[in-house]
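Visitor: I've got the model open, and I'd like to know what sits behind the words people use for it. Can you walk me through it?

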Amino acid sequence: MREKVLLTAVGSTDPVRGYHDGPMLHILRNYRPQKVYIILTKKMEELEAEDKRFSAAIKNFDLAVEVEFIYSAIENPAEFNAFDCFEQYMDKVKKENPSSEILINLTSGTPQMILKLALLSESVKYNALPIQVMTPAKDANTDPTAIQDYAGEDSLELNVDNEKKENRCQLAKMIVLRRAFFREQLKSLVTNYNYTGAMGLVKAQGLSDEEVAVKLIQHLKERQELTPTTKIEKAFPEFNFFPIKDQECKQMVEYFLMMRNLAESDKFAELLLRLNPFTVALQIELLKKKLNLALEEITCTRGERIKFSRKKMQERDPEMLRVLEVEYGIYVEDKDLSVMVLNRIIQMKVREYGGMEKIKGTFTLLEEINGKRNEVAHTLKGISKEEFTKMAGVSSGTLLEDICGIIKYIYGNKFKKEHLQIYEEVNQLILETLR
């Protein structure tokens, strides 16, 4: 069970009023926190120094509760701007008790103090439990009991709540509902891989860059942009963010996951544009790892571009060069890498090695889809799921499943299907850290 800490202001109704618990004492009685932080205005500080009313009441109730006073030096508790320091106090409580549940007293103190604490309670940055305490008469807490009427030990000893088992605590449901609505918004954004939107949402809630949830969202945002760093591993060392150790396999799977996220987010126009460089990379890996042909054996680099080299191809495989130029009519000299030329080479090598019919068919389909991508590149119109399926001849899910099969064929046991769940697993971590 999680430990609890209470952050509370105190006022004229604390620690007891009318021989009943005041709000602070009643929360202590019913929630049993291990520690309580008591914010004192200048007047409350003087009263505590005079008769120990707050510390004595807590000691009389439960010797095990640790008490820490926060001396605010606020002289005018009716001035709302005087309570800007409350956010620092909330930060202090959270920092000192990172794994504890924070309880907030929303009944003690002036209306201005209560409002400030209520506003802070709304933030998922603190994920606090906002508690209101009803009076024994179950009405509003408006009785103007004078501070000087506190009867010290008599009030404590004759406190009816010492014997009466009644819980007058209530959650501030509106605040809880607002936080629940925020979590649903965040869940919708991360489930749809919209990490830019998720980042904007958590920042609007006041979460800093040092918050675990913010670091996790930033990691997935960078990862989806194919610029991930390993910084997250230091912040969350118990989680394996990069289970694939083979760098070539890892890069291929990361790109594949980015495309899958595009499909799941209905961004089919961008998916089409991303397919071309991915297909080329996949073809190169298949040739190198399964068909005994490294790219550098048939290409050369000119500036920053990789081009086919007729001379190298003649030296490496004269029959390949002949088939490309004579049977397919492709003159390879100074030709950029392309899905189409690599496909012809794969088809020749597959005839030589045998098998791989499904893989060959998938690459043929990718070549056909790539031939239609220029139509997308020159239009401002998006593509629906149905339009993608009609154009490709298969659904995006089927296409990605077939591509996944090629990745598995190339890398074998270095790649496992469960590696594809990394975004879902980190999404769950994000939501759990804000629960």
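**Helices and strands, term by term**

Guide: Sure, and keep in mind that this is a predicted model. Let's start with helix H5, whose buried residues pack against strand S1 (4–9), helix H4 (86–96), strand S6 (101–105), strand S7 (129–133) and helix H7 (173–191).

Visitor: Which residues of H5 are the buried ones, and what makes a residue count as buried?

Guide: In H5 (residues 111–121) they are Met 113, Lys 116, Leu 117, Ala 118, Leu 120 and Ser 121. They get the label because buried means under 20% relative accessible area.

Visitor: What makes S6 mostly covered?

Guide: The count does: 5 of its 5 residues are buried. Glu 101, Leu 103 and Asn 105 point one way from S6, while Ile 102 and Ile 104 point the other way.

Visitor: Why do side chains split between two faces like that?

Guide: In a regular strand the side chains alternate between the two faces of the sheet.

Visitor: How do you know that S1 and S6 pair?

Guide: Pairing takes at least two bridges, and 4 bridges join S1 to S6. So the two strands do count as paired, and they run parallel. One bridge partner to look for is Glu 101 in S6, which goes with Lys 4.

Visitor: And what about S6 and S7, how many bridges do they have?

Guide: They pair over 3 bridges, in the parallel sense. Ile 104 has Pro 130 in S7 as its bridge partner.

Visitor: Now over to H7. Why is H7 called roughly antiparallel to H19?

Guide: The axes of H7 and helix H19 (residues 422–433) come within 10 Å and cross at roughly 165°. Angles over 145 degrees count as roughly antiparallel, so H7 is roughly antiparallel to H19. The crossing is right-handed.

Visitor: Which residues make that contact?

Guide: From H7 it's Arg 183, Leu 186, Lys 187, Val 190 and Thr 191, and from H19 it's Asn 427, Ile 430 and Leu 431. By class, that contact has 4 nonpolar, 2 polar and 2 charged residues.

Visitor: One last pair: at what angle do H12 and H17 cross, and which residues meet there?

Guide: The axes of H12 (residues 268–290) and H17 (residues 385–392) cross at roughly 35° and come within 10 Å. Phe 268, Leu 271 and Leu 272 in H12 meet Lys 385, Phe 388 and Met 391 in H17. This contact divides into 5 nonpolar, no polar and 1 charged.

Terms used: Residues are numbered from 1 along each chain as its sequence is written. This is a predicted model: local features need pLDDT of at least 70, side-chain atom pairs count only at pLDDT 80 or more; totals for chains, interfaces and linings use all residues. Side-chain values use heavy atoms; hydrogens and water are left out. Buried means under 20% relative accessible area, exposed over 50%, partly exposed in between (1.4 Å probe, protein chains only). Contact means heavy atoms within 4.5 Å. Axes are lines fitted to C-alpha atoms, for helices over the stretch in contact, and angles run from 0 to 180 degrees between N-to-C directions. Angles under 35 degrees count as roughly parallel, over 145 as roughly antiparallel, 65 to 115 as roughly perpendicular and the rest as oblique. A crossing is left-handed if the near helix is turned anticlockwise from the far one by less than a right angle, and right-handed if clockwise. Ala, Val, Leu, Ile, Met, Phe, Trp, Tyr, Cys and Pro count as nonpolar, Asp, Glu, Lys and Arg as charged, and the others, Gly among them, as polar.
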